[in-house]
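Colleague: I would like a close look at a single part of this model. Please start from one residue and work outward from there.

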Amino acid sequence: MQVAVFILVVLVLVALSGALVRLVRVPLPVLQIAMGAALAWPARGLHVEIDPELFLLVFIPPLLFADAFAAPKRELVALRGPILDLAIGLVFFTIVGFGYALHWLVPSIPLVVAFALAAVLSPTDAVAVSSIVDRNIVPARLMHILEGESLLNDASGLVMFRFAVAAALTGSFSFAAASLSFLYAVGAGILAGMAALFVAAKALQLLNRIGGVPAEAQVLVMILVPFVSYLGAEHIGASGILAAVTAGLLTGVSGMFRFLGVSARMQTMSLWSTLSFVFNGALFILLGLQFPDIIRKVPPELSSRHWIIEPVLTVLLLTLCLIGLRFLWIWIGDMAGAMSARLGKRKAEPFGLRVRLAGSVAGVRGAITLAGILSLPLTMQDGSPFPARDVVIFLAAGVIICSLAIASLALPKIARGLVEPGEDPAAAEERRARVGAANAAIARIESIANEAGEGGAVEARLAVADSIVAGYRRRIAASDEADEARAEAREASRLELELRAAGIEAERAALRAMFLSREINDHTMRALFSEITLTEALLKQRRDRK
């Protein structure tokens, strides 16, 4: 019963945060972490112990799968160079640079343990990045690089974290063995994600052949894909995170959706949207619940002279060190890319100073960092306590909070003015696609309408075709580059939407009246309400695009 009540409390907080974020000017993850911390801060507040493995299994695969599915594949492929440079190269650079800096700043932390903390701090949080970074103020190219990096660096960071922990436990480290294990974890993780996707596609194909299978069964197959890919990869010692990301990236191009019915497709997209919101919120609230206990237990190594100032200053210096290392790596990669473009006689597209700084500050840490550091073993192989375990857990939690706070406060100021005013390239591309699709539809409809027929059938077909074609021509007019034509078309479209919305409201009121007068039963009312809701959702989508 306590677990059920706790889950309900978390869900209520998630819903409440979605409303409060409209009133307070802070990013949603920061608000949710604060709500969780407030819930746990009193002495008798909520307390929950996180099982790191269960935490990773429940939250990370579906969230990374959803982010990978929604990521722009064309842009990720085009920017694969800088993305891999950050997702792999920056991870190793951070481990070395931050590890030595941490050991120098806090000598009580053994170097190999410092490397472990550096490894688990190297991945940026995909969920936090997408929640904090405003697409309207950050250049699209930088945003795509940040998205791609955050999807891939979790695997490299956690794999190196495991190597560092193993070295701390055994007292030995083999670079050759670690390199081979890293390559195996990456390669096998990718194959595991592809295998899970193949199995899911075959299952959907089988359900499609059987016929009459409820749409909910097809939706369930789609929901299980990230979990199956993650567990399959972890079972063979590979990267489960990379498997879930691979499955998400390839789902759209795998052709799986052709085996889904219309109802199943709509339910899948709607359910994923809801799950992403709920899991994101619950994730950050659970993080907030952990922080009060961690902060209360300030390690004596960090508070020998000043209980408050010294730990806060240490966390701030370490966070700035991470930002500095990231800035240096982005600057080096940017210069190397410009030199390579000149040697290859290609056009160089280097970032400016402010874009590099924005990319450095946007590298926030989050759930995976905390889950990874909490998975540190309690004891060594000889039974002695794991060295500096409480210290690195405290520092990891502090860096998460500090990186989120700095990004939330500084990023809007750094990025202001980086995006030039004018039509968004993505919006222009969508407009061209709409016009092209509408022209193709008109040509096909007119071709069908002009096919041979007899008498009234031809007239009826032409009348219906004219009505449909008129709708497509209004869509083309609304996308016309001429401002006057677009304004007229949009005004006509606005009036149409207004009248349709009034008609829908009248339908709903009439159905409610018939239900109250018992002219129809609740089953009929729900079926018709579902149709009205779908029509209303389509109208809202059209209205939002205006």
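Colleague: Is Thr124 buried or exposed? Please take that residue as the starting point and then describe helix 8 and what it meets.

Modeller: This is a predicted model, and everything below is computed from it. Thr124 counts as buried, because its relative accessibility is 2%, and the cut-off for buried is under 20%. Thr124 sits in the loop between helix 6 (111-121) and helix 7 (126-132). The side chain of Thr124 makes a polar contact with the side chain of Asn153, at 3.1 Å. That partner leads to helix 8, since the kink in helix 8 is centred on Asn153.

Helix 8 covers residues 140-170, which is 31 residues. From its first C-alpha to its last, helix 8 reaches 45 Å, close to the 45 Å expected at 1.5 Å a residue. The kink centred on Asn153 is about 35 degrees. Of the 31 residues of helix 8, 24 are buried, so the helix is largely enclosed by the rest of the structure. Just after helix 8 comes Gly171, with a positive phi of about 80 degrees.

Helix 6 also has a residue to consider here, Val112. Leaving aside neighbours within four places in sequence, Val112 is in contact with Ala164, Ala167 and Ala168. Helix 8 spans residues 140-170, and these three alanines fall in that range. Val112 and Leu169 are 57 residues apart in sequence, while their C-alpha atoms are 9.7 Å apart in space. Val112 counts as partly exposed because its relative accessibility is 27%; Thr124, at 2%, counts as buried.

Now the charged pairs. The count of salt bridges comes to three. In one of them, the side chains of Glu149 and Arg326 meet at 2.7 Å, N to O. Glu149 belongs to helix 8 and Arg326 to helix 13 (residues 309-343), so this pair ties together parts that are 177 residues apart in sequence. Glu149 and Arg326 are both buried.

Another salt bridge joins Arg162 to Glu234, with the closest N and O atoms 3.4 Å apart. This pair links distant parts of the chain, with Arg162 in helix 8 and Glu234 in helix 10 (residues 215-235), 72 residues apart. Arg162 is partly exposed, because its relative accessible area is 41%. Glu234 is likewise partly exposed, with a relative accessible area of 27%. Helix 8 therefore supplies Glu149 to a pair with helix 13 and Arg162 to a pair with helix 10.

Helix 13 takes part in another salt bridge, between Arg356 and Asp334, where the closest N and O atoms are 3.1 Å apart. Arg356 lies in helix 14 (residues 353-361) and Asp334 in helix 13, so the parts tied together are 22 residues apart in sequence. Arg356 counts as buried because its relative accessibility is 10%, and Asp334 counts as buried at 9%.

Helix 13 spans residues 309-343, and a residue in that range, Thr319, is touched by Ser403. Ser403 lies in helix 16 (residues 389-415). Not counting residues up to four places away in sequence, Ser403 touches Thr319, Val364 and Arg365. With a relative accessibility of 6%, Ser403 counts as buried.

On cysteines, a search of the whole structure finds zero disulfides. A disulfide is a covalent bond between the sulfur atoms of two cysteines. Cys321 is partly exposed, with a relative accessible area of 22%. Cys402 is buried, with a relative accessible area of 14%.

As for the setting of this part, the chain has 20 helices and zero strands. Of its 546 residues, 43% count as buried. Among contacts in the chain between residues at least 6 apart in sequence, 78% join residues at least 24 apart.

To return to the starting point, Thr124 is a buried loop residue whose side chain makes a polar contact with Asn153, where the kink of helix 8 is centred.

Technical notes
Residues are numbered from 1 along each chain as its sequence is written. This is a predicted model: local features need pLDDT of at least 70, side-chain atom pairs count only at pLDDT 80 or more; totals for chains, interfaces and linings use all residues. Side-chain values use heavy atoms; hydrogens and water are left out. Helices (H or I, at least four residues) and strands (E, at least two) are DSSP runs, numbered from the N terminus. Buried means under 20% relative accessible area, exposed over 50%, partly exposed in between (1.4 Å probe, protein chains only). A polar contact is a pair of N or O atoms within 3.5 Å; within protein, one must be able to donate a hydrogen and the other to accept it, and residues adjacent in sequence count only if both atoms are side-chain atoms. Contact means heavy atoms within 4.5 Å. The expected span of a helix is 1.5 Å times one less than its number of residues. The bend at a residue is the angle between axes fitted to the seven residues ending there and the seven starting there. A salt bridge is a side-chain nitrogen of Lys or Arg within 4 Å of a carboxyl oxygen of Asp or Glu. A disulfide is a pair of cysteine sulfur atoms within 2.5 Å.
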